[in-house]
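Trainee: I should like to take a close look at a single part of this model, the surroundings of the ligand. Would you please describe that part, and then the sheet?

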Amino acid sequence: MKSAVVLMAYGSPERLSDVPAYYADIRGGRPIAPERLAELVERYRRLGIEDSSPLNAVTEEIRAALEDALDLPVFTGMKHWTPRIADAADQAVSSGAEQVAGLVLAPHYSALSIAGYRDLLERSLAGRAELRFVESWHDEPGFVELLADRVRGTNAHVVFTAHSLPARITESGDPYRDQLLETSRLVAESAGVDDWSFSFQSESPTGEPWLGPDILDHLESLPRQGVERVLVCPVGFVSDHLEIRWDLDVEAQQKSAELGLSLERIEMPNADPAFVCTLAGIVRRALSVPSAA
Ligand code: FEC
């Protein structure tokens, strides 16, 4: 049976002039305060997206490497920017694929994140090909090992992080928080790290409670526990992007400096060949394709 892959990511604006439309897409038609938009444009300006948009560039590198590793066509579909998930679905069908693997570059399932990607892909394929969607890969051994290699041997306190979500998800039994804690535990165990904690990051002021603690509050509590050095391991993300380069590298770094803490973070997996190899294994299993000898 002919197969193709739709590789999905959040998406990022390429130019500052794209930011209003991008933000409107994230808000899904809900109102945007002008000062929030201005702040976001400023964050993207400081990220330097006019020169290079890290998330889109890294996603393309992963796509090309995955295509090589799998010897199958791989099409990128972004949730909030172009190329859209619908475009990727059309391309997969045009390539003659009868089955399509859907893989999101985010390891942990939530009804407020991965389910949205699935819905977009399912609706776009509209039965034109069989969908083999990967719901989550938070405990994938290759992913756990890749992160463990990046924290092993540290004598800093390791803080695992992930994007926060509105706290109401826990009322419906959403597995997001448990999967995040599971990844953190597996990484710490494999790396032989005992001194670790978990916090969320990147909460938006949407007027409802979000999952906590937020990393900025969490950092404040660490000096009282005798912590002087922190190594951040963002288990909920795989690429360099705004939430890494701004929320951690600027905001969390500034907060640490105020608190007299030294803060470093691991290099993100990005298009590391070992990471691409892990993703290829996940796709092969989803498609029931035997791995190359
Ligand atoms: O580099 C970039 O340009 C994109 C970075 C980026 C990633 C990302 C990942 C996730 N988000 C998740 C949930 C939410 C919820 C809201 C929300 C809002 C934003 C805004 C920007 C943004 N997110 Fe994001 N997210 C990234 C960027 N995100 C920009 C809008 C400004 C702001 O609020 O700071 C709130 C929506 C609302 O207002 O109602 C909820 C989750 C992930 C991780 C999974 C994934 O990657 O899909 C969950 C990367």
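Mentor: The account below begins with the ligand and then turns to the sheet. Please keep in mind that this is a predicted model. The shell around the ligand holds 24 residues, and those that come nearest are Tyr10, Ser12, Tyr44, Tyr117 and Ser204. By character, the residues of this shell divide into twelve nonpolar, seven polar and five charged.

Particular atoms can be singled out. Tyrosine 117 places a polar side-chain atom 2.5 Å from an oxygen atom of the ligand. Arginine 27 likewise has a polar side-chain atom that lies 2.6 Å from an oxygen atom of the ligand. In the side chain of histidine 163, an N or O atom is 3.1 Å from a nitrogen atom of the ligand. Helix H1 (19-27), helix H2 (34-47) and helix H9 (242-245) are the elements that give two or more residues to the shell.

We may now consider the sheet. It is open, its four strands follow the order S6-S5-S7-S8, and their pairing is parallel. Strand S6 (196-201) and strand S8 (262-265) stand at the edges with a single partner strand each, so one side of each has no neighbour in the sheet. From one strand to the next, the twist averages 30 degrees.

Strand S5 (residues 157-163) pairs with strand S7 (residues 229-233) in the parallel sense over four bridges. Valine 158, for instance, has leucine 231 in S7 as its bridge partner. Helix H7 (residues 176-191) packs on the sheet and touches S5 and S6, and the direction of helix H7 makes about 145 degrees with that of S6.

Key. Residues are numbered from 1 along each chain as its sequence is written. This is a predicted model: local features need pLDDT of at least 70, side-chain atom pairs count only at pLDDT 80 or more; totals for chains, interfaces and linings use all residues. Side-chain values use heavy atoms; hydrogens and water are left out. A residue is near a molecule or strand if one of its heavy atoms lies within 4 Å of it. A polar contact is a pair of N or O atoms within 3.5 Å; within protein, one must be able to donate a hydrogen and the other to accept it, and residues adjacent in sequence count only if both atoms are side-chain atoms. Ala, Val, Leu, Ile, Met, Phe, Trp, Tyr, Cys and Pro count as nonpolar, Asp, Glu, Lys and Arg as charged, and the others, Gly among them, as polar. Two strands pair if DSSP finds at least two bridges between them. Axes are lines fitted to C-alpha atoms, for helices over the stretch in contact, and angles run from 0 to 180 degrees between N-to-C directions. Contact means heavy atoms within 4.5 Å.
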